[in-house]
Amino acid sequence: MNMDMKKKIFWSVIISISVIIVLLLVAIIILNSKKETRPYNGTVTNKNNTTNTTEEPDNEVDNSTENTITDDRKDIEGEITYETTSDGGTIPIPPTFKYVEGDSQTGAVIEDEDGNQFVWVPVSDYNSYHRQYFLNNGEEEKNKNDSETTLEDENIYDINAYNDEFDDSIRNYKGFYIARYEAGKERSNGKSILVSKPNVLPWTQIVWEEARKQSLKMYKENDLFQTDLVNSYAWDTICNWIRDCGYNIDDSTEYGNYQNSANGTKKVMETASNDRWKTNNIYDMAGNAWEYTTEECGEHDKKHIGRGGDYLNDGDKYPISTRGTSSDESNLDVGFRVVLYLK
């Protein structure tokens with residue numbers, strides 16, 4: 001075989017190999033183009049519309065049909081009924097709930113089918129349902145000329161201050177419900193769901209916006225009742241109510257998880273860890289974790305108000321009635337609580 005023939009064979013082999021490589025590359029590109037491309041955010045949705053999550057689900061909404069997660073919350077059917085409590089009083093009960101324990105005037109407890117509990121807060125006179133400017137000592141703010149300083153003067157405003165539906169509910173039913181426990185979370189179908197149950201760590205490390213969203217969607221939309229993030233009117237009304245029942249709202253050291261409490265732990269504890277941290281059947285409103293509300297402050301850079309102090313505060317300086325400005329960001333010592341009203 002002469003040299004020219006060897007060169008021809010060599011180049012023929014090289015060209016053949018090159019063609020094969022090109023064809024393989026083209027095939028790979030075609031196959032990949034058929035796959036959906038999406039940046040990974042920790043959430044993988046399978047064909048059964050359930051979600052497997054390696055970390056907290058991303059808050060970004062995906063509107064694609066393939067990734068629409070079925071709303072697996074239960075439909076609300078039935079009607080609002082009335083139940084006689086242990087003191088002979090009556091309370092209105094939303095469908096899917098049952099009366100558990102307690103008096104109508106000092107904290108009647110109801111529970112839904114999944115074990116979430118709420119406490120009835122009686123409001124006999126609608127005019128007593130209002131916001132007060134409690135200071136650390138429980139007194140209303142006074143300015144230098146001894147006239148009351150309004151919340152508006154301090155650039156404090158509540159986005160739920162004019163919730164007509166909530167207001168009408170209080171007029172019609174003479175009260176509302178507050179979650180018995182600080183909001184906790186459980187996993188269901190790969191998602192975090194809000195719960196009001198005992199022996200659950202409070203849902204801290206959550207931004208304010210997400211806390212509000214979770215509070216609003218605790219139950220499937222219906223025409224009978226609604227949940228929301230607790231507002232300043234509800235919190236202040238509860239403070240006055242428990243004061244009328246014999247608790248000191250100026251100093252919560254004896255009934256809260258504070259650093260100066262005899263039974264304080266200096267860390268966030270699971271809900272209902274200690275019966276001494278209970279007021280009118282409601283656990284941990286004082287101490288343990290600050291709780292977001294819908295009340296906001298600041299003339300330009302709006303931030304929301306937290307209530308009740310936490311495990312690193314003193315109960316006499318940051319009692320159940322106290323207000324504190326939150327950063328609205330994720331914090332280890334800030335959680336939230338849900339309010340429920342009937343329509």
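Which residue with a positive phi follows α4? In this predicted model, the helix α4 is followed by G246, whose phi is positive and near 110°.

## Helix α4

Helix α4, which covers residues 232-244, has 13 residues and reaches 18 Å from its first C-alpha to its last, close to the 18 Å expected at 1.5 Å a residue. At the start of the helix, a side-chain oxygen of N231 reaches to within 3.0 Å of the backbone nitrogen of Y233.

Most of this helix is covered, since 11 of its 13 residues are buried. Among the buried residues of α4 are the aromatic side chains of Y233, W235 and W241, and the list also includes D236 and N240. The helix lies across β7 (117-122), β9 and β19, and its direction runs at about 70° to β7.

## The sheet

The strands just named belong to an open sheet of 6 strands, arranged in the order β5-β6-β7-β9-β19-β12 with antiparallel pairing. Its edge strands are β5 (97-101) and β12 (225-229), each of which pairs on one side only, and the twist averages 35° from one strand to the next. As general background, the strands of a sheet pair through backbone hydrogen bonds, and they may do so in a parallel or an antiparallel way.

Within this sheet, 2 bridges join β9 (residues 175-179) to β19 (residues 338-342), and these strands run antiparallel; here I178 stands opposite V339 in β19. Another helix, α3 (residues 208-216), also packs on the sheet, where it touches β12 and β19, and its direction makes about 165° with that of β12.

## Nonpolar cores

The largest nonpolar core has 31 residues, and those with the most contacts inside it are I91, F97, F118, Y177, F225, F336 and L340. Strand β19 gives the most to this core, with 3 residues. If residues up to four places away in sequence are not counted, F336 touches a set of residues that includes L194, W203, I206, A211 and L229, as well as E182, Q214 and E291.

A second, separate core has 28 residues, and V121, Y129, A161 and F176 are included in it.

## An exposed loop residue

Away from the cores, one may ask where E77 is found. This residue is in the loop between β2 (51-53) and β3 (81-84), and E77 counts as exposed because its relative accessible area is 63%, while the cut-off for being exposed is over 50%. Although E77 and L224 are 147 residues apart along the chain, their C-alpha atoms are separated by 8.8 Å.

Definitions and conventions:
Residues are numbered from 1 along each chain as its sequence is written. This is a predicted model: local features need pLDDT of at least 70, side-chain atom pairs count only at pLDDT 80 or more; totals for chains, interfaces and linings use all residues. Side-chain values use heavy atoms; hydrogens and water are left out. Helices (H or I, at least four residues) and strands (E, at least two) are DSSP runs, numbered from the N terminus. Buried means under 20% relative accessible area, exposed over 50%, partly exposed in between (1.4 Å probe, protein chains only). Two strands pair if DSSP finds at least two bridges between them. Axes are lines fitted to C-alpha atoms, for helices over the stretch in contact, and angles run from 0 to 180 degrees between N-to-C directions. Contact means heavy atoms within 4.5 Å. A nonpolar core is a set of buried Ala, Val, Leu, Ile, Met, Phe, Trp, Tyr and Cys residues joined through side-chain atoms within 4.5 Å. The expected span of a helix is 1.5 Å times one less than its number of residues. A polar contact is a pair of N or O atoms within 3.5 Å; within protein, one must be able to donate a hydrogen and the other to accept it, and residues adjacent in sequence count only if both atoms are side-chain atoms.
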